Amino acid sequence: MLEVGRITRPHGVRGDVLVSLTTNRAERLRTGAILASGGREFVVLHSRSHKGGWIVAFEGVSDRNAAEAVSGAVLYAEPINDPDELWVHELIGAVVVDQHEISRGAVVRVVENPASDLLELESGALVPVRFVTDLLPAERVTVDVPDGIFDLAGDAGDAESHHHGSGGPL
């Protein structure tokens, strides 16, 4: 199961709650969707967007006391099967291999970026997701990147190697 959001707090007196999604897939909150938290299932009765989050009514959460009792709950759901999407859980831990079959290290996280999300490698290198050409989930990410993209990451951590002689500044 994947973390998809969190119940932040009650909204009103009828049991509605505010939910903050950690996914860009709003269908996680469509009517009938099933989420889980702490061994409990939450079935969405209805939802609507509200100030960057969502107001959600869950089956069985019918008053403010019940809404307060579930505040702070982390919500989980089964992965969505969409072969055209790259999923963070399939990228983390996978080894990035470039178009020359050179292993560049494992993905440690995915960084949100307006132009293109970035794969952060254990070396500190950042690879735009748009360069991914193939994926074997959680094992291997094949990328076709411009020449020199990995040289930049290597230079940043190599400052000491540019000193001369006694190790003093240039």
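**Entry 1: the β4/β5 hairpin**

I started at the hairpin that β4 and β5 form, with 2 residues between the strands. One turn residue, K51, has a positive phi of about 50 degrees. The model is predicted, so I kept in mind that local features need pLDDT of at least 70.

I then placed K51 by element. K51 sits in the loop that links β4 (40-50) to β5 (53-58). Its phi is positive although the residue is not glycine. I noted the background: most residues other than glycine have a negative phi.

Is K51 buried or exposed? I looked up the accessibility. K51 has 80% relative accessibility, so it counts as exposed. The cut-off for exposed is over 50%.

**Entry 2: β5 and its partners**

Next I followed β5 itself. This strand is mostly covered, with 5 of its 6 residues buried.

Which strands pair with β5? I found β4 and β2. β4 and β5 run antiparallel and share 6 bridges. β2 (residues 17-21) is also antiparallel to β5, with 3 bridges.

I checked W54 in β5 from both sides. S49 stands opposite W54. V19 also has W54 as its bridge partner in β5. W54 is thus named in a pairing with S49 and in one with V19.

**Entry 3: a second positive phi**

I looked at A138 as well. Its phi is near 60 degrees, again a positive value in a residue other than glycine. A138 lies in the loop between β11 (132-136) and β12 (140-143).

How accessible is A138? I read 43% relative accessibility, so A138 counts as partly exposed. K51, at 80%, counts as exposed.

**Entry 4: the open sheet**

β11 and β12 led me to a sheet. It is open, has 6 strands and follows the order β10-β9-β8-β7-β12-β11. The pairing is mixed.

Which strands stand at the edges? They are β10 (126-128) and β11. Each has a single partner strand, so one side of each is left without a neighbour in the sheet. I also took down the twist: neighbouring strands are turned by 35 degrees against each other on average, direction ignored.

Inside the sheet order I picked out β7 and β8. Strand β7 (residues 95-97) pairs with strand β8 (residues 103-111) in the antiparallel sense, over 3 bridges. V96 stands opposite G105 in β8.

**Entry 5: the largest pocket**

I turned to empty space. The largest pocket holds about 740 Å³. Its lining has 19 residues, and the closest to its centre are T22, N24, L86, W87 and V88.

Which elements supply at least two residues each to this lining? I found β1 (2-10) and α2 (88-91).

I sorted the lining by class. There are 8 nonpolar, 4 polar and 7 charged residues.

**Entry 6: the whole chain**

Last, I noted the overall counts. The chain has 3 helices and 12 strands. Of its 170 residues, 35% are buried.

I also looked up how contacts are spread along the sequence. I took contacts between residues at least 6 apart in sequence, and 46% of them join residues at least 24 apart.

Definitions and conventions:
Residues are numbered from 1 along each chain as its sequence is written. This is a predicted model: local features need pLDDT of at least 70, side-chain atom pairs count only at pLDDT 80 or more; totals for chains, interfaces and linings use all residues. Side-chain values use heavy atoms; hydrogens and water are left out. On a 1 Å grid over the protein atoms alone, a cavity is a set of points where a 1.4 Å probe fits but cannot get out, and a pocket is an open set with protein on both sides within 12 Å along at least five of seven lines; lining residues have an atom within 4 Å of a point. Grid points are joined across faces, edges and corners, and a volume is the space filled by probe spheres set on the points. Helices (H or I, at least four residues) and strands (E, at least two) are DSSP runs, numbered from the N terminus. Ala, Val, Leu, Ile, Met, Phe, Trp, Tyr, Cys and Pro count as nonpolar, Asp, Glu, Lys and Arg as charged, and the others, Gly among them, as polar. Buried means under 20% relative accessible area, exposed over 50%, partly exposed in between (1.4 Å probe, protein chains only). Two strands pair if DSSP finds at least two bridges between them. Axes are lines fitted to C-alpha atoms, for helices over the stretch in contact, and angles run from 0 to 180 degrees between N-to-C directions. Contact means heavy atoms within 4.5 Å.
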